[in-house]
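Trainee: I would like a close look at a single part of this model. Please take one strand and its partners, then set that part against the rest of the chain.

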Amino acid sequence: MTITRRDFLKITGLASTAALFGSPLLFTRCTGKKGRSGSSSGTSGICPLCSAGCGIVVSVKDGRISGIDGDPEHPLNRGMLCAAGSSMSGLYQPSFTARITRPLYRKPGADAWEEITWDEALKKIADRFIKTRELSLQKIKKDQAVPASMDIALLTGEGLNNEESYLISKFAALTGISRRDHEGRLDDFPSKTALMNSLGYGGMTNTWHDISRSNALLIIGSNPALNHPMAMRHIMAAKEKGCKIICADPRFTGTAAVSDYHIPIRPGTDTAFILGIINHALGSGRVNREYLANYTNAPYLVNSGFSLKDGLFSGYNREDREYDSTTWSYVIDAKGIPRKDRAMNGPDTVYQLLKKHAARYTPDRVSEITGCPRDLFISAAEVFTSTFSNENSGAVVCGRGIFQHSTGTQGTRALIILQLLLGNIGRPGGGISPLPSGGGGQGAFDQGLYSGILPGCLQAPDIYSDSNLTAYLKNRTPKSNDPMSINWLGADPGGKGAPNTRRYIVSLLKAWFGGNATAGNNFCYDWLPKRDDSFTYPAVFREAQMGSIKGLMLFHTDPLALLPNQGKALDSLKNLEWLVCADTSEPEISSFWKRDGIHPKDVKTEVFLLPMALPLEKDGSLTDAARTVQWSSGAVSPAGMAISALEYVDRLFMHIRKNPAMNTGEFPEPIARAEWNYRDASRGEGANPLAVAREINGYFTGSGKFLGGFNSLEPDGTTACGNWLYSGCMASGENMMTRRDSRQPGSSGIFPGWAWSWPQNRRILYNRAGTDVKGEPWDKKKYSVNWDGKNWTGDVPDGDGEPGVKNPFIMLDEGVARIFCSAMGDGPFPEYYEPMEGPLKNIMNSAGFNPIGVAAKEMKNSAGSTEKFPHAATTFSSGPGGKLLNSLQRAREMFPLIYCEISPGLAAMKGIESGDMVKIISRRGAISMRALVTARVFPWEYRDRKIELVAIVDFCNTGGPSGLAHIFTDPVSGAPESKAFLVNVEKVRERRV
């Protein structure tokens, strides 16, 4: 088919070609693992653009990347590659003019950049860092023993591999930066929070291939057809086998187009929709009672003081807008074990409490809240709840559309509860698959770049309660008296009085401080910075606005393109004394002093812009959303003077350590006496990522030999390990992350010999829950593990021992999954709340929006009303690649301006045609963009009202929609509610050419 540019614009209405740019239908195929004709090599690598983890073959000619194809041996994409992955080669061409290749410096008050050398840049940054750290430490009382640099913050984003993430995390800890976070906080962190507290691990439960074994699939808040094209291949494989697909989304997306059911729900109403399905399952008896009785806390008895009244759980303090969760507890017997009613008939059982709670979400009520037609809702609920039977299994795929709300964590929790009711967690073809928008996020989480955690998802010390190692271990080691619970972090292998929490934290301290960490000094625990709060990504700018952040370090992230209420973030930057941006191209934040309305001479912030290597210019491992850790080799050298983030952090740390001011300054010990040696003769000043990987894997401190896995970790300092979850990735010195055995046992859907997966190369988490108490799979035709009478066969079992002896959810102290979860600060059950800015009142309760949602003090005055802003707004992604691909010239040509999609009805009301310029106005500001009039969006009927949707593409580098959204955040995860807000639409009169 031949199509002209004019024809194309007629079809789309404007140059909205991201739908084509990331289309799953535009694949390239590589027929052999060789470079393209005329190329000198074909190097294997891993695509970094989304979280799928596709294999690629990089063709190199004359020292430059000439093309990128799919790796035909890779089990995920089998030689295929989406259009975005193929387009990635444009980043490595001389024509990529947005690339920065030399360090740039902006003096206080200057109106232009100047070039400097790396040594000059590193010396200046080290000087500023040491000075700020010194003044910050002097503010802290000596008796607190808290070596935290409170005046310095560090934020990270996509583009970092595991080794870089780990070294940045270590750098922050050694230098005292407790105020750090990752941009995934704004993306998929609610899913990680919900998964960890409900199931135990903060990762996708199953594999991409396993989705193809599903009988029913619920896709909510995600459009994998556009954003994860290779993952979509496995969804389509499931469909070809008869899987029924349900897509819940406000827009009619590419994923909705191939689904059996498209459920059009209003933005922000996901929780009500899921609770409605839960009610349908409970009311119709479509639950796996045997699974619930043995593998969840459904039979546990709850404190009689627990209640929910008009949207508020017991213990709510209206004045402080906080909960006292005392009544959110189990009834404990004389042995300290939660009491259970295995029949689940008692009114105080979790099962009956949930049944009562969910009964309010009737089909009529769900239809009224979400806008979904009642009959369509019932049909979809019937299809998905059919997976409660042993012969069927159902999977859930979810994304930002459900995460980025003030109830994002509870929305994910509702999905988990639904899957537990149906018995779908731990089963092949089941599980929860949260899809982050970009690559590298799972690894950043695992390596401790998020606020409040250390590598291996160990909890970071708290300034108030964890002042010494004894207190930390007492507070952070979970306890259980239930003989059925493995309680992994509290378990004591060998019965030596040393639970795993101690083994992991002591081994981490040995990795960071080496021989200086001894039993006599509590392994240098006192040198760790203690956090004063869960310091989230948005909170950095609130603190900066108040003047309490003096220095800000950024790695591959651009807050001005990400944060809601952008204007507040912009104002805060003027209060910084120095700002360091390490990136591949110039982020918007690095040039904030150039923006309209700002006079550079009045801005005294020193700014450094440092050139970073692109993903295919460096070695290192990447963890995909399915927890597979794969090694990617650099195909070419970095352009110009660019270096990897690994080398940058290594060189900066050495500049700080060798600076004379460190010898006479405050608390030099963590920096001066740290274990930091990653260089070898072959790399000169460059840190070797394999040396970092060795530290992550762990080794015996006496012999230096690699550990075979975390079962070898000891509590006495004889082992060092940077991340217990990743211990085994280089077992016995073999780089398991490079393995390329693409065979699968039978039709298991797992590839145990391909790369490596945490933990212990396990491919399906909680897999013992995929069998009954006798160890027999619920469905003998498809299973992950099976008890043969002596041993578990198949996948690596989640916890050892005979079936029926220990519960399968080993990371939770109960040993069972949590339907009722007191760890959730806004309620042990999900409850529906309207968005802070919604077009309707909450018809489920008078609480309205999340009663303990977090907002800035001015939130009350910045919320929009339906009188001035009558339309519901949401955002949607432009496709895989994010900031990386969006900075290419071709992407800029496709998206010279962002655009919004509106319905034909709204367009007629406003006199708007496709291609017209419109102004989208919210309480926070206004953005001009093109309009696309399309039937992909449509209004919702609510009683006598019609609610129109304005869907805005979230495209970096074009003045995205982040400035329109408000700053109300999920109180559990800290994620802002950027997927639901109110706007008005005005046509802009312009001269048409």
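Mentor: What follows starts with one strand and then moves outward to other parts of the chain.

Keep in mind that this is a predicted model. The strand to look at is β33, residues 917-922. How many of its residues are buried? Five of the six are, and the strand is mostly covered.

Now its partners. β33 pairs with strand β34, residues 925-933, in the antiparallel sense. Six bridges join the two. Two residues lie between β33 and β34, and the pair forms a hairpin. For a landmark, find Met917: Arg930 in β34 stands opposite.

β33 also pairs with strand β38, which covers residues 981-987. That pairing is antiparallel too, over four bridges. Here the landmark is Ile920, with Val985 of β38 opposite.

For contrast, go to strand β9, residues 179-182. Both of its faces are covered. In a regular strand the side chains alternate between the two faces of the sheet. In β9, Arg179 and Asp181 are on one side, and Arg180 and His182 are on the other. All four are buried. The cut-off for that word is a relative accessible area under 20%.

β9 runs parallel to strand β8, residues 152-156, and four bridges join them. One position to check is Ala153, whose bridge partner in β9 is Arg179. How does the chain get from β8 to β9, and which hand does the crossover have? The path goes through helix α5, residues 162-175, and this β-α-β crossover is right-handed.

Next, a loop position. Asp813 sits in the loop between β30 (792-794) and α26 (859-862). Its relative accessible area is 23%, so Asp813 counts as partly exposed; the buried class stops under 20%. Follow its contacts across the sequence. Asp813 and Ile486 are 327 residues apart along the chain, yet their C-alpha atoms are separated by 7.5 Å. Leaving aside residues up to four places away in sequence, Asp813 touches Pro478, Lys479, Ser480, Ser485, Asn487 and Arg818.

Now the cysteines. A disulfide is a covalent bond between the sulfur atoms of two cysteines. The structure holds zero disulfides. Take Cys243, which is in none: the nearest cysteine sulfur belongs to Cys247, 13 Å away. The cut-off for a disulfide is 2.5 Å. Cys243 is buried, at 3% relative accessible area. Cys821 is in no disulfide either, and its nearest cysteine sulfur, that of Cys457, is 16 Å away. With 0% relative accessibility, Cys821 is buried.

Finally, the whole chain. There are 29 helices and 38 strands. The radius of gyration is 27 Å, and the globule rule gives 30 Å for 993 residues. The two values are close, so the chain is as compact as a globular protein of that length. The C-alpha trace spans about 80 × 70 × 65 Å along its principal axes.

Burial and contacts complete the picture. Of the 993 residues, 65% are buried. Among contacts with a separation of 6 or more, 73% are between residues 24 or more positions apart. The chain exposes about 34200 Å², with carbon and sulfur atoms supplying 49% of that area.

To return to your part: β33 has antiparallel partners in β34 and β38, and five of its six residues are buried.

Notes. Residues are numbered from 1 along each chain as its sequence is written. Side-chain values use heavy atoms; hydrogens and water are left out. Buried means under 20% relative accessible area, exposed over 50%, partly exposed in between (1.4 Å probe, protein chains only). Two strands pair if DSSP finds at least two bridges between them. A crossover is right-handed if, with the strands pointing away from the viewer, the path from the first strand over the helix to the second runs clockwise. Contact means heavy atoms within 4.5 Å. The radius of gyration is taken over C-alpha atoms; the globule rule is 2.2 Å times the number of residues to the power 0.38. Accessible areas come from the Shrake-Rupley method with a 1.4 Å probe; for residues, only the protein chains shown count as cover.
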